[in-house]
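Student: I would like to go through this model with you and ask, for each label attached to a residue, what the label rests on.
Tutor: Then let us take the labels one after another and set each value against its cut-off.

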Amino acid sequence: MKENIIRGLSGIMYVSILVVSIFSSEFAFTTLFLLFGVICLRELQRLLHLKSYLGYILLFTLFYLFSYARWSPYATLVLLMITIFVNLFLVKDLMLVNKIPIFEKKKYVIIIFYLIASLIFLTLIPSYTGDFTPELVIGIFSLIWINDTFAYLVGKNFGKKKLFERISPKKTVEGFLGGLIFSGIAGYIVFLITGLLELHTWIGMAIILSIFGTLGDLIQSKFKRQAGVKDSGRLMPGHGGLFDRLDSIIFASPFVYAYLQILNYVS
């Protein structure tokens, strides 16, 4: 009982800080995720058995160039393409190899693209058309939360077929499909409430967030399994580390950003 109360309170605090920053200003939202990035980087370096200050220098430099200064649309496009390639390569490693090979240079590739660049695209999503739209990022977070919640509930009550047992024994195919379906329903509700974008855009984002959010969670679970730890950290009582809370949305963000940019280009 006490653990559930602590878990609930830490979750409420996390959501409250997130929502307040999003509706305060674009600067507050970006700065919050820069701070989140510092914490997640620390937790990821722990999983990768890496002790280095270079990652933090890269985090602040890349955030300044791409999230604050909006350095160059062409540089952002190049960063997006490399980030998606690296993330898809990690999906390949997840599916095809028993242990993700993590040599010294690859650790920095993972830090730069799997974490830092993905966080940058998360900060760019609400202003992908040029104007900051807080309701957009709130909607996206709502979709990922609904997906995670119903994947857990459906999997716990109806799950029989394991999704990826050797990495995450509790995840089931039924849970994944439940999360996907309810995320799609949430996309329809968000569309009705916000009036932003088209309905098919929200449904498409729900599908992307469900698929790539699940893959991001599995990849992080594989890193934790290789590191021999249960959680990435202990910052959030009852939840684990901050990276445990953000792994899905971080991994999915460059794919969502690319999706929105493609729709914006063809419309």
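**Salt bridges and other labels**

Tutor: In this predicted model, the count of salt bridges comes to 5.

Student: What makes the pair Glu26 and Arg70 a salt bridge?
Tutor: The side chains of Glu26 and Arg70 meet at 2.5 Å, N to O, and the rule asks for a side-chain nitrogen of Lys or Arg within 4 Å of a carboxyl oxygen of Asp or Glu, so the pair qualifies. This pair links distant parts of the chain, with Glu26 in helix α2 and Arg70 in the loop between α3 and α4, 44 residues apart.

Student: Why are Glu26 and Arg70 called partly exposed?
Tutor: Glu26 has a relative accessible area of 25% and Arg70 has 34% relative accessibility; since buried means under 20% and exposed means over 50%, Glu26 is partly exposed, and Arg70 is partly exposed as well.

Student: How do you know that Asp217 and Lys171 form a salt bridge, and which parts does the pair tie together?
Tutor: Their side chains meet at 2.6 Å, N to O, which is within the 4 Å that the rule allows. Asp217 lies in helix α8 and Lys171 in strand β2 (residues 168-172), so the pair ties together parts that are 46 residues apart in sequence. Asp217, at 17% relative accessibility, counts as buried, whereas Lys171, at 24%, counts as partly exposed.

Student: Which residues are joined into one network by salt bridges that share partners?
Tutor: Lys92, Asp93 and Lys106 are joined in that way. Within this network, the side chains of Asp93 and Lys92 meet at 2.9 Å, N to O. Asp93 counts as buried at 2% relative accessibility, while Lys92, with a relative accessible area of 33%, is partly exposed.

Student: Asp93 belongs to the buried residues of α4; how do you know that the span of this helix agrees with its number of residues?
Tutor: Helix α4 (residues 73-96) has 24 residues, and at 1.5 Å a residue it should span 34 Å; its end C-alpha atoms are 34 Å apart, so the two values agree. The expected span takes 1.5 Å times one less than the number of residues.

Student: What covers the buried residues of α4, and what caps its N-terminal end?
Tutor: The buried residues of α4 include Ala75, Leu79, Thr83, Val86, Leu90 and Leu94, and what covers the buried residues includes α3 (54-68), α5 (104-124), β1 (162-164), α8 (199-227) and α9 (242-266). The cap at the N-terminal end is Ser72, of which a side-chain oxygen lies 3.2 Å from the backbone nitrogen of Tyr74.

Student: Why is Thr30 called buried?
Tutor: Thr30, in helix α2 (residues 26-47), has a relative accessible area of 2%, and the limit for buried is under 20%, so the label holds. Leaving aside residues up to four places away in sequence, Thr30 touches Phe63, Ser67, Tyr68 and Thr123.

Student: Is Ile208 buried or exposed?
Tutor: Ile208, which lies in helix α8, is buried, because its relative accessible area of 13% is under 20%. Ile208 touches Gly213, Phe255, Val256 and Tyr259, again not counting residues up to four places away in sequence.

Student: What makes the nonpolar surface patch, and which helix gives the most to this patch?
Tutor: The patch, of about 840 Å², is made by Leu177, Ile181, Phe182, Ile185, Tyr188, Ile189, Leu192, Ile193 and Leu199, and helix α7 (residues 173-194) gives the most, with 8 residues. Ile189 lies in helix α7 and counts as partly exposed at 41% relative accessibility; patch residues need over 30%, so Ile189 passes that limit.

Student: What is the phi of His49, and why is this residue called exposed?
Tutor: His49 has a positive phi of about 55° although it is not a glycine. Most residues other than glycine have a negative phi. His49 is placed in the loop between α2 and α3, and its relative accessibility of 58% is over 50%, so His49 counts as exposed. Leu197, in the loop between α7 and α8, also has a positive phi, near 60°, but with a relative accessible area of 27% Leu197 is partly exposed.

Conventions
Residues numbered from 1 in each chain as written. Predicted model: local features only at pLDDT ≥ 70, side-chain atom pairs only at ≥ 80, totals over all residues. Heavy atoms only, no water. Helix = DSSP H or I, 4+ residues; strand = E, 2+ residues; numbered from the N terminus. Buried < 20%, exposed > 50% of the residue type's maximum accessible area, 1.4 Å probe, protein only. Contact = heavy atoms within 4.5 Å. Polar contact = N/O pair within 3.5 Å; in protein donor to acceptor, adjacent residues only side chain to side chain. Patch = residues over 30% accessible without salt bridge, like charges linked within 9 Å, V, L, I, M, F, W, Y side chains within 5 Å. Areas by Shrake-Rupley, 256 points an atom, 1.4 Å probe, with all protein chains shown as cover.
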